[in-house]
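Biologist: I'm new to reading protein models. Could you walk me through this one?

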Amino acid sequence: FLGKAFGEPLVNVIHLEGVINPVAADYIVKGIEKAEKDEAVCLVIELDTPGGLMESMRTIVKEILRSSVPVVVYVAPSGSRAASAGVFITLSAHVAAMAPGTNIGAAHPVNLGGQADTSAVMSEKIVNDAVAYIRSIADRRKRNADWAEQTVRESISSTAEEALEKNAIDYVVPDLDSLLTVIDGLETETPLGNVTIQSAHARIERMEMTWREELLKVISDPNIAYILMMLGIYGIFFELYNPGMIFPGVVGAVCLILAFYSFQTLPISLAGLLLIVLGAILFLLEIKIVSYGLLSIGGVASMLLGSIMLIDSPLPFLRISWMVILPVVIGTALFFL
């Protein structure tokens, strides 16, 4: 049996809420490694996600499948969901559970760039690849592969009770204590052989994100990345316009570096980025050139269009909010005017 830590069984618990991205993948991978090092009886991942990036999801799934410690994915608390990439992660777990009032599904792959895919063949290839992947995961865990395929092809979604009835998950339980009681004595297969989970009286140890991971998670938000980019552009331009001030240049450079880190996980449009830069340049030229407001009007139009185009995705959690775009554009225009 696994899980003897300080003379008593140990259950490690991590909580993942938000988009599946490289930060989330790194957090879960570290959680699995720590559970193996601690010889925990199992690792519980409390999950609430709208989905995320395919590559990050694949990294998580591969780590779960190779884990020598049983991984329990628990979609909780009530009101949570495991959508899109979250479906793959839940199905890959040794034990899949959900709290009442949660839902799972809608795993159809989308073009993160938000552009129309004119190639029906390419679109079909992407869907077929996702279908094959999710069916292989479901078959590996002896779950309903047909239901899993429907979540990809038809974007169906099920409540916790429906998912249990369709054999997509194993349990519906109200809280973590109930979950650990239900799975106590359950035998599951790992790469090292069959393992019996002894969790009824186990000590629970939570692994929280480090301050570094929390920071990277925050700046990976499209709205935060957009604000950082704008601050960075203004800082650099003010430094160039007033050489020797130093402070704006330093702050601008730091903000741009943080923004570029975020952009590597987001579907960025180069045209949108260039329009934003052009808008800032037009505002600066307004100070030197008498254009009777024409440059400012062009700057507002360019910045607004660039902000809209910067991250154009069909996924709501990958889009920049109008509540962020409008204050930034209007505030910039008023400042320069």
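**Strands, a helix and a pocket**

Modeller: Let's begin with β6: four bridges join strand β4 (residues 71–75) to β6, and the two run parallel. Strands here are DSSP runs of E with at least two residues, helices are runs of H or I with at least four, both numbered from the N terminus, and two strands pair if DSSP finds at least two bridges between them. This is a predicted model, where local features need pLDDT of at least 70 and side-chain atom pairs count only at pLDDT 80 or more, while totals for chains, interfaces and linings use all residues. Residues are numbered from 1 along each chain as its sequence is written, and side-chain values use heavy atoms, with hydrogens and water left out.

Biologist: Which residue in β6 is the bridge partner of Val-75?

Modeller: We already have β4 and β6 running parallel. β6 is also joined to strand β9 (residues 171–172) by two bridges, again parallel, and there Val-172 stands opposite the residue you're after. The bridge partner of Val-75 in β6 is Met-98.

Biologist: Are the residues of β6 (residues 95–98) buried or exposed?

Modeller: Val-95 and Ala-97 point one way from the strand, and Ala-96 and Met-98 point the other way. Buried means under 20% relative accessible area, exposed over 50%, and partly exposed in between, using a 1.4 Å probe and protein chains only. Whichever way they point, all of them are buried.

Biologist: Which strands stand at the edges of the sheet with β5, β7 and β8?

Modeller: That's an open sheet of three strands with mixed pairing, in the order β5-β7-β8. Two of them have a single partner strand each, so one side of each is left without a neighbour in the sheet. Those edge strands are β5 (81–83) and β8 (157–159).

Biologist: In β7, what is the bridge partner of Ala-82?

Modeller: Three bridges join β5 to strand β7 (residues 103–105), and these strands run parallel. In β7, the partner of Ala-82 is Ile-104.

Biologist: At about what angle to β5 does helix α3 run?

Modeller: Helix α3 (residues 85–92) lies across β5 and β7. Axes are lines fitted to C-alpha atoms, for helices over the stretch in contact (heavy atoms within 4.5 Å), and angles run from 0 to 180 degrees between N-to-C directions. For α3 against β5, the angle is about 105 degrees.

Biologist: How many of the residues of α3 are buried?

Modeller: The buried ones include Val-87, Phe-88, Ile-89 and Leu-91. The helix is largely enclosed by the rest of the structure, because the count of buried residues is eight of the eight.

Biologist: Which strand gives the largest share of the lining of the second largest pocket?

Modeller: A total of 16 residues line that pocket, with His-94, Arg-140, Arg-141, Thr-188 and Glu-189 nearest its centre. The largest share is four residues, and they come from strand β10 (residues 187–190).

Biologist: And Asn-21, is it buried or exposed?

Modeller: Asn-21 sits in the loop between β2 (8–17) and α1 (22–38). Leaving aside neighbours within four places in sequence, Asn-21 is in contact with Leu-53, Ser-56 and Ser-220. Its relative accessibility is 9%, so Asn-21 counts as buried.

Biologist: Zooming out, what percentage of the chain do buried residues make up?

Modeller: The chain has 13 helices and twelve strands, and its C-alpha trace spans about 80 × 50 × 30 Å along the principal axes. Out of 337 residues, the buried share is 50%.

Conventions:
On a 1 Å grid over the protein atoms alone, a cavity is a set of points where a 1.4 Å probe fits but cannot get out, and a pocket is an open set with protein on both sides within 12 Å along at least five of seven lines; lining residues have an atom within 4 Å of a point.
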